[in-house]
Amino acid sequence: MSGPDPAELPQDRSQAILEAAKQIGALLKRAGHPFALAGSVAVYAHGGSRYLQHDADFAILPEDAEAVAATLREAGLGVRLPPEDWLIKTTCHGQNVDIIFSLAHQPVTREMLDRAHVLPVDSVLMPVLSPTDLIQSLISAFSEHYCDFGSVLPVARAVREKVDWDAVRAACGAEPMPAAFLFLLERLNVIDAQEGQP
């Protein structure tokens, strides 16, 4: 499954990322691999911004990584194994695609994939991480070395009414950086303050 001629690629970067997500999602569906769309394209599928400037991300089970890599290769897509041991990478429509089997240092689980919502992604139906799992994975990644609140704030605003914030707090609210971000969301009136807090 080689991509189209570069001259035929969409000029719009966001559309190119969507095309890559659609093609990889369709490929994983046909092969029967459990997966869920993640990252900025998942946010878009849940009603967030269409302004996509990074890559397409997919969550898969750790035990399926080799089989998914084989499926990608059989479709004519190159597979790269980066130094990070929690994902594999490919390129589609000239865009990077990350196939992730660990989100925020936690293995992707079947329960997480079972909670995914089947949504249209630019007309192609595919499983998409639930808003709660999506936000939790983004916030849990915050640390003293990586703490880009600015990139996650618009995501939280876009999906706030669809997120189980109590579940997010229970999962990662005890850690300093996620707790600081949740406090920021409260002060900005994006989410309600936790019960018992001012």
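**Exercise 1. Strand pairing**

Determine in which sense strands β1 and β2 pair, and over how many bridges.

Solution. Step 1: in this predicted model, β1 covers residues 35-38 and β2 covers residues 56-60. Step 2: the two strands pair in the antiparallel sense, over four bridges. Step 3: one position to check on the structure is A36, which stands opposite A59 in β2.

Then find how β2 runs relative to β5.

Solution. Step 1: β5 spans residues 95-100. Step 2: β2 and β5 run parallel and are joined by four bridges. Step 3: here F58 can serve as the check, with I99 in β5 as its bridge partner.

**Exercise 2. The surroundings of β2**

Decide which residues of β2 point one way and which the other, and whether they are buried or exposed.

Solution. Step 1: in a regular strand, side chains alternate between the two faces of the sheet. Step 2: A56, F58 and I60 point one way from β2, while D57 and A59 point the other way. Step 3: a residue is called buried when its relative accessible area is under 20%. All of these residues are buried. Step 4: because five of the five residues of β2 are buried, the strand is largely enclosed by the rest of the structure.

**Exercise 3. The largest pocket**

Describe the volume and lining of the largest pocket.

Solution. Step 1: the volume is about 1000 Å³. Step 2: 31 residues form the lining, and G39, S40, D57, L138 and Y146 lie nearest the centre. D57 is also one of the buried residues of β2. Step 3: α2 (39-45), β5, β6 (102-103), α5 and α6 (149-159) each supply at least two lining residues. The most come from α6, with five. Step 4: by type, the lining has 17 nonpolar, ten polar and four charged residues.

**Exercise 4. The second largest pocket and α5**

Find which element gives the most residues to the lining of the second largest pocket, and how many residues of that element are buried.

Solution. Step 1: the second largest pocket holds about 350 Å³ of space. Step 2: its lining has 19 residues, with A104, Q106, Q136, S140 and C172 nearest the centre. Step 3: β7 (106-107), α5, α7 (165-172) and α8 (176-187) each give two or more residues. Of the elements, α5 gives the most, with four. Step 4: the lining divides into ten nonpolar, five polar and four charged residues. Step 5: α5 (residues 131-140) is mostly covered, with seven of its ten residues buried. These are P131, T132, D133, L134, I135, S137 and I139.

Terms used
Residues are numbered from 1 along each chain as its sequence is written. This is a predicted model: local features need pLDDT of at least 70, side-chain atom pairs count only at pLDDT 80 or more; totals for chains, interfaces and linings use all residues. Side-chain values use heavy atoms; hydrogens and water are left out. Buried means under 20% relative accessible area, exposed over 50%, partly exposed in between (1.4 Å probe, protein chains only). Two strands pair if DSSP finds at least two bridges between them. On a 1 Å grid over the protein atoms alone, a cavity is a set of points where a 1.4 Å probe fits but cannot get out, and a pocket is an open set with protein on both sides within 12 Å along at least five of seven lines; lining residues have an atom within 4 Å of a point. Grid points are joined across faces, edges and corners, and a volume is the space filled by probe spheres set on the points. Ala, Val, Leu, Ile, Met, Phe, Trp, Tyr, Cys and Pro count as nonpolar, Asp, Glu, Lys and Arg as charged, and the others, Gly among them, as polar.
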